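Student: Please take a close look at one part of this model with me. I'd like to know how far to trust the coordinates there, and then what stands out in the parts around it.

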Amino acid sequence: MKKLLAAMFAAASCASVAQAQQERISADTSAPILTLEQAVAVAGGAAPSADAANAGIEAAQANRTVAGLRPNPVAQAQIENVAGTGPYSGLRSAETTMGVALPIELGGKRSARVAVANAQLSRAELEAAVAAADVRLQVTSLYVEAISAERRLAMARDQLKIADDALQAARVRVQAGRASPLEEQRAEVARINAAASLERAARLAEVARLNLARRLGRSINGALDVALLDRLPAATYGPTVLPAASGTLTLAAADADLAVADAGIRLARSNRVPDLNIGPALRRLEATNDTAAVFTVSIPIPLFNNGNAAVAQASAERSRVEARRRMTALDVEQAIAEAQAEAANAETTARAAAGPALAAAQEAARIARIGYREGKFGQLDLLDAERTLADTRVAAIDALANYQNARARLERLTAPAPEGGNQ
């Protein structure tokens, strides 16, 4: 008897804890529902990956500005015929030359640098789009987990109510002398287990909600769109569309890397052309107090470094990037095909678990309850039917959550590349 009273006290404690946690979860029912799209928009502004991507775009824009700048001129000063002997002692015969050296780039170096910077800027913008797509996938996963946990919490609350009703029915049967006291104890154990399940479900729901709030960067006061879990697409028939990597965000990033490598080859080739240095200057002759113009032209001789090694390096890098691009295309098509199969299988499982299977389990439990109250079925039949219903409801929630997550992964793989960009 003492053990039974202790178990009843533990069940009451579990129920009170679960009720308190549920009140914290739905503290403000007047607040508007936070939809998935709103959660994605909020998380996008607070995600560190978005900040990093935006900083990368700013750096690429500054790099493009730097690439378009011309080389700076060099001021030059030279004094000759000083501190010698005879007429060249002191500064009497000094010749002072003042001028500037103007570098003139040849071979299209400046335009080649700008082309590399433009390609890097386009890559940075794609990186921002990739970061946004990743944030959407992460938020969707957390959102689905949160609404699934709330659905499991509601189910656990229903199961506790059912267990309470079963316990009350068992007490009536025992008091009427139609059943053994063992039935009341079984019903009490079932109720205790249901109360413990409710406490666990409430705790998991609170953690899932906190994880979502942490990703959003702010607390969640209102309710979530729990109905999202039940949204399944209309049934489709016909052959499966073959996956294609073209146009996807992942392949666009690989194409952007290839564009950067192509621009790098152009820059390496342009660097092979020597630059001119033009130096206009004025020379003052101290001995005669006269001035004269000086004009110099210099050009480096590509004797030891003719730029061929740099071109070969850029060409090899381009070959590596192009091979990785082909690998990426194959990997993306394979991943899309697997994600399509996963989403289709998850949809089939969700339709069956949340449809005919759940309806059959609910009907079986309803018949078992009526039959138990009327004395037509035994308690074991009732407990088995209730257990089957609980397992089926959990399986339905898991199947719906798996479909939503599989659909989100498929959308991430097939996310289209943004239009436009810098050329």
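**A shaky start, then a loop worth a look**

Tutor: In this predicted model, residues 1-18 keep a pLDDT (the predictor's confidence in each residue, from 0 to 100) under 50, and the model gives them 16 contacts (heavy atoms within 4.5 Å) beyond four places in sequence. Residues 20-28 also stay under 50, with 15 contacts beyond four places. Where pLDDT is low, predicted coordinates shouldn't be read in detail. Helix 1 (residues 2-25) has the lowest mean pLDDT among the elements, 45, while helix 6 (residues 249-270) has the highest, 95. Helices (H or I, at least four residues) and strands (E, at least two) are DSSP runs, numbered from the N terminus. The protein as a whole averages 85, and 89% of its residues score at least 70.

A word on the bookkeeping: residues count from 1 along each chain as its sequence is written, and side-chain values use heavy atoms, without hydrogens or water. Local features need pLDDT of at least 70 and side-chain atom pairs 80 or more, though totals for chains, interfaces and linings use all residues.

Now for the loop between strand 1 (74-80) and strand 2 (95-104), where V82 sits. V82 has a relative accessibility of 33%, so it counts as partly exposed (buried is under 20%, exposed over 50%, partly exposed in between; 1.4 Å probe, protein chains only). Together with I79 and L91, V82 makes a nonpolar surface patch with about 280 Å² of accessible area. N81 is in that loop too, and at 32% relative accessibility N81 is also partly exposed. What is odd about the phi of N81? That angle is near 60°, a positive value in a residue other than glycine. Most residues other than glycine have a negative phi.

N289 makes a nice companion: its phi is near 60° as well. This residue lies in the loop between strand 3 (276-285) and strand 4 (290-298). With 54% relative accessible area, N289 is exposed.

For a contrast, try E183 in helix 5 (residues 181-216). Its relative accessible area is 12%, so E183 is buried. Leaving out residues up to four places away in sequence, E183 touches A170, R173, Y372 and Q379.

Conventions. Patch = residues over 30% accessible without salt bridge, like charges linked within 9 Å, V, L, I, M, F, W, Y side chains within 5 Å. Areas by Shrake-Rupley, 256 points an atom, 1.4 Å probe, with all protein chains shown as cover. Salt bridge = Lys/Arg side-chain N within 4 Å of Asp/Glu carboxyl O.
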